[in-house]
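Here are some short exercises on helix packing, domains and a ligand shell. Try each one with the structure open, then follow the worked solution.

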Amino acid sequence: MQKEKKIFLPYAEFASEVQPEAQKYLVYLVYWGLFWLVAFLWTANAQAQTVQVLHWWTSTSEEKAIATLSGRMAQENIVWKNAVIPSGSGIGAGIVLKSRMLAGDAPEVAQLNGVIISEWADLGLLQELDPVASSGKWEKSLFPTVWRLIQPKGHPVAVPLGIHRINTLFYNRKIFARYDLSPPKNWDEFEAIAKKLQQAGITPLAQSAEPWQLATLFETLVLSESDANFYRDAFVKKSPQAFVDPRFGRALSRLRSLKKYMPAFLSEQTWIASTRMLADGDAAMLVMGDWAKGELNSWGIATDVGFSCAAVPNTANYHLYNIDTLVMLDKGATVRSAQEKIAQIAVLPALQTEYNQIKGSIPVLRNPELNKMDSCSQTSWKIFSRGSAFQVPSLAHRMATDEISKDAIIAEIMRFFLNDSLSVSDTQKRLAAISHTLPK
Ligand code: BGC
């Protein structure tokens, strides 16, 4: 009764009689509000988990692909912090990751590709992802080769993102149409095309002198001059006989003979610059992993409009592959749920489609959305799906062997490429001698 009366009191009375009580309520309300605000901020903060991801993706398409992952993780309250070490193919990133590990300053997540996954797993540095893999049915949904790669010791320790095809020959469609050319299926056709282009003043083949880019080209030549078994003998088994085999000799000779079709002055330009040469018509062809396709697309150059993909001559039946993977470093229980969430989401079909469309690679899944792939990816997926006999692991991109062996082999290929006075057979003998000393 009394309360009702007070509400209608004139202001003077309200000020004198009711205000002290109202003030009490007001103070009470403010404290209550503050309590909930603090509680809300505290919980929100407790849930948001910052995760540092070390990788080497810096090009337009690579950044876009990363943004699809980080954007999706943001929906899960995971703050994805990029720790980028620019270096095509990840040479610098690997070194930084190792030193950060030694300094006890590991990131939560890192891009770590290939054979090295098994080495790091041996040292117990990688978090095992068994619950995520079994709830996501990875064994059934992933390509068997991918599944084997990520679980070297019977426990999944890496998250597969996409599969790149290395033996891709990109060609500039405008130039090919202008000179009425079709993509070469063998080296005779390649030579004929290259000569015609040179007569017209066009550089036939874009190339960089960066060791990993030369090695990327060279490994496709080894496959081209031989087959999957021989390639594995050389780069996986590192058999001395393989290095002195005539087929290996032919690949070296081919590398030397392609030199005349490359730019006269070969700089150590980035792969992005090599791709730019193709896009701008400064070169008519480029041998590169299909991340170059992602990049061309990100510049607004559509597949089968500005460029198309073919296989490097004589390699159409094979998929020389490179698989991008993330690993979770063991950083204790606090970040584990965020790391597991990333692992779980990265392999979901919708994200796989979106990410790989941008990156230029194909999903790691046996049953992806094929109708959402362009012609290059459909071919890549079909050939990879034929199984392990047609899948060939990239040397340059760490799928074939350990880091020391890879670097030792590439160093010899570089010496041979840069110095025309070194003979094919001497280089073969040197490689065979080195291969005796390499880890098996
Ligand atoms: C990686 C690709 C990357 C390329 C260029 C390769 O080793 O697998 O994801 O786009 O290097 O940096």
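**Exercise 1**

In which hand, left or right, does H14 pass H21?

*Solution.* Keep in mind that this is a predicted model.

- Step 1. Find helix H14 at residues 246–258 and helix H21 at residues 424–437. Looking along the pair, you should see H14 pass H21 in a right-handed crossing.
- Step 2. Now take the geometry: the axes are 10 Å apart and the angle is about 125°. Angles of 65 to 115 degrees count as roughly perpendicular and those over 145 as roughly antiparallel, so H14 and H21 are oblique to each other.
- Step 3. Pick out the residues that touch. H14 contributes Phe248, Gly249, Leu252 and Ser253, while H21 contributes Val424, Ser425, Thr427 and Gln428.
- Step 4. Sort them by class: this contact has 5 polar residues, 3 nonpolar ones and no charged residues.

**Exercise 2**

Describe how H16 packs against H3 and against H15, and list the residues in each contact.

*Solution.*

- Step 1. Begin with H3 (residues 60–74) and H16 (residues 291–298), whose axes come within 7 Å and cross at roughly 90°. The two helices, H3 and H16, are therefore roughly perpendicular to each other.
- Step 2. On the H3 side the contact uses Thr60, Ser61, Lys64 and Ala65; on the H16 side it uses Gly294, Glu295, Asn297 and Ser298. By class, that gives 5 polar, 2 charged and 1 nonpolar.
- Step 3. Turn to helix H15 (residues 271–279), where the axes of H15 and H16 come within 10 Å and cross at roughly 60°. H15 and H16 are therefore oblique to each other, and H15 passes H16 in a right-handed crossing.
- Step 4. Here Trp271, Ile272, Thr275 and Ala279 of H15 meet Ala292, Glu295 and Leu296 of H16. The contact of H15 with H16 divides into 5 nonpolar, 1 polar and 1 charged residues.
- Step 5. Put the pairs together: Glu295 takes part in the contact with H3 and also in the contact with H15.

**Exercise 3**

Which elements give two or more residues to the side of domain 1 that touches domain 2?

*Solution.*

- Step 1. Mark the domains first: domain 1 covers 49–163 + 324–386, and domain 2 covers 168–320 + 393–435. Their C-alpha centres lie 27 Å apart.
- Step 2. Next, look at the contact itself, in which 23 residues of domain 1 are in contact with 26 residues of domain 2.
- Step 3. The elements you are after are H3, helix H5 (116–122), helix H18 (349–359) and helix H19 (375–384). H19 gives the most, with 5 residues.
- Step 4. Classify this side of domain 1: 11 polar, 8 nonpolar and 4 charged residues.

**Exercise 4**

Which residues surround the ligand?

*Solution.*

- Step 1. Collect the shell: Trp56, Glu62, Gly88, Ser89, Gly90, Asn113, His164, Trp271, Trp291, Asn322, Asp324 and His397.
- Step 2. Divide the shell by class, which gives 7 polar, 3 nonpolar and 2 charged.
- Step 3. Assign the residues to domains: domain 1 and domain 2 each supply at least three residues of the shell.
- Step 4. Link back to Exercise 2: Trp271 of the shell is also one of the H15 residues in the contact with H16.

Terms used:
Residues are numbered from 1 along each chain as its sequence is written. This is a predicted model: local features need pLDDT of at least 70, side-chain atom pairs count only at pLDDT 80 or more; totals for chains, interfaces and linings use all residues. Axes are lines fitted to C-alpha atoms, for helices over the stretch in contact, and angles run from 0 to 180 degrees between N-to-C directions. Helices (H or I, at least four residues) and strands (E, at least two) are DSSP runs, numbered from the N terminus. Angles under 35 degrees count as roughly parallel, over 145 as roughly antiparallel, 65 to 115 as roughly perpendicular and the rest as oblique. Two residues are in contact if their C-beta atoms, placed from the backbone, lie within 7 Å. Ala, Val, Leu, Ile, Met, Phe, Trp, Tyr, Cys and Pro count as nonpolar, Asp, Glu, Lys and Arg as charged, and the others, Gly among them, as polar. Domain bounds come from an automatic or database domain assignment. A residue is near a molecule or strand if its C-beta atom, placed from the backbone, lies within 6 Å of it. A crossing is left-handed if the near helix is turned anticlockwise from the far one by less than a right angle, and right-handed if clockwise.
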